[in-house]
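Visitor: Could you take me through one part of this model in close detail? I'd like the surface first, and then whatever sheet you think is worth a look.

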Amino acid sequence: MAEEDVTAPPLRPPLHNTSSPRDKEPKEIDKLLKWQQERIQRKLRGEYESAILHLAEVVNQNRTTPMHVSSVRVEGAPHTRRSFLESIIKPAIPPPSSEQPSTLEDVLHAARRISFALRKTDVFSSIEAYVDRPRDMLASSGDVDLVFRTKERGRYFLSSSTELGNNEGSANVTARVRNVFGGAENFEANYAVGTKTRQSFRGALNVPLTPDMNTFGEFTVYGMQNDLTAYASCFEGLRGVKAALRHGTPGSATHQLAYEGVIRHISGLTPTASISMREAAGVSIKSSLSHTSSYDSRDDKMAATQGVYAKLFQELAGRNLGGGSHFYKMETEAQISRKIPSTGLSISLAARTGLLWGLGSEGRTHFSDRFQLGGPTSVRAFRQNSMGPRHGSDYVGGELYYSAGVSVISDIPSRAHWPVKLQGWVNAGRLDEINRDRPLKENVISTLSRPSLSAGLGLVYRFDPVRIELNFGVPLVASASDGTRRGLQVGMGLDFL
């Protein structure tokens, strides 16, 4: 063997680790740390799962053990009335029965019902429940106390913001007081200034009326000054009060019965104001009763891809209620949205309709009570509130309308995770005055048979709390009085057709 083929073994440092890897132990220090952390996590998960299984086994083995709730304690609720807590806790605990004594299973179910009722009040930010030995010295064996450790939400909230919605910019200040009188009452006050709504204020007190927190009473005081010169050559001021009774839960049918009294003031007429607007100028009073029923199962209220929405609104105003307006108003709205499987597409169908019927001897209705139609959140490719009857340069509103639309929304190719979506749409609608010399049926048929149509493409962006659309639209059919808008149109709002 040649000398050059003989090599010395490599030198090893002192205390060299000669152990071989076990249990897939890596050599590098960073991989070793990661492996160690994963090992600890696996161990903790295993111990947690074992504890859960053991607890479930203990509960299952003892769920028929006789047990009775001696008392319920709610800790950490200094601003909540004791009587209010009793009113929502008492229905959650079934009364004792000699025929069917209470068991551990009944106690656990009662704890779950009470936790759900406490969360529903929206007063507490955290709720922890546990079973404790009774404090009552006279308690019998098998008696336990249910203890709920809670933390109340902050009571006072103040914020200011700038908002864009319904094609209007505004700045507002909002103050909120939670749990005002210790019974989950909420008071909210808002003051705003804007481009179209020059100024507005609103104060509302919301009070739960039943222990299940499904029925609420609300009292509202409001006022606003609206700039309508873009389509009606005037300003409109409103000052009103509203008392409402609301029943229902989100995701199910809801009903609202309300009384509203409002003073309307049409003023600030421009020199080009029509005779109709000059006749409407001045003060009018509306006193009305209304009922609203709705159902909503949509997955998203502003950009639904699945679900159904339906709403019916009815209002009756009359001199017997103390106002000067005398009419019956009805509006309906429906929307259905569906995903198209394996395509990334969703389709939405929406329709709205309304009827305003004057109840006076002449059947005349006031400008402030009439419907307005048109705009990027209504019938696209038409100017805001610029459809229907026009007197001079003023759109005076109508008494009978409908609008319908179909929208197909798609993900941007290879960018499905983006909040921006593509949209194609077709809209139709019409707004008319009712001819009292003809039957109502003939008025309805005439309105339905002469729709204004538009179509277009655009982008949809969900920007909480509003939806923004940038559309390129083309009016296909329009009445001579309609104000059309061909080309780009931006829509910002909460409710779109």
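**A nonpolar patch and a three-stranded sheet**

Guide: Let's start on the outside of this predicted model, where Tyr191, Val193, Phe201, Phe219, Val221 and Val241 make up a nonpolar surface patch of about 490 Å². Two strands, β6 (186–194) and β8 (215–227), each supply at least two residues of that patch. Phe201 is one of the patch residues, and Phe201 sits in strand β7, which covers residues 197–208. With a relative accessible area of 36%, Phe201 counts as partly exposed, because that class lies between under 20% for buried and over 50% for exposed.

Now for the sheet. Here you have an open sheet of 3 strands in the order β1-β3-β2, and the pairing is mixed. At the edges are β1 (68–75) and β2 (124–132), each of which pairs on one side only. On average, neighbouring strands of this sheet are turned by 15° against each other, if you ignore direction. As a general reminder, strands of a sheet pair through backbone hydrogen bonds, either parallel or antiparallel. Between β2 and β3 (residues 143–152) the run is antiparallel, with 8 bridges joining the two strands. If you want a spot to zoom in on there, try Val131, which stands opposite Leu146 in β3.

One more element belongs in this picture: helix α3 (residues 104–120) packs on the sheet and touches β1, β2 and β3. Line up your view along β3 and you'll find the direction of α3 making about 20° with that of the strand.

Note on methods: Residues are numbered from 1 along each chain as its sequence is written. This is a predicted model: local features need pLDDT of at least 70, side-chain atom pairs count only at pLDDT 80 or more; totals for chains, interfaces and linings use all residues. Side-chain values use heavy atoms; hydrogens and water are left out. Two strands pair if DSSP finds at least two bridges between them. Helices (H or I, at least four residues) and strands (E, at least two) are DSSP runs, numbered from the N terminus. Axes are lines fitted to C-alpha atoms, for helices over the stretch in contact, and angles run from 0 to 180 degrees between N-to-C directions. Contact means heavy atoms within 4.5 Å. Patches are made of residues with over 30% relative accessible area and no salt bridge: like charges are joined within 9 Å, nonpolar side chains (Val, Leu, Ile, Met, Phe, Trp, Tyr) within 5 Å. Accessible areas come from the Shrake-Rupley method with a 1.4 Å probe; for residues, only the protein chains shown count as cover. A salt bridge is a side-chain nitrogen of Lys or Arg within 4 Å of a carboxyl oxygen of Asp or Glu. Buried means under 20% relative accessible area, exposed over 50%, partly exposed in between (1.4 Å probe, protein chains only).
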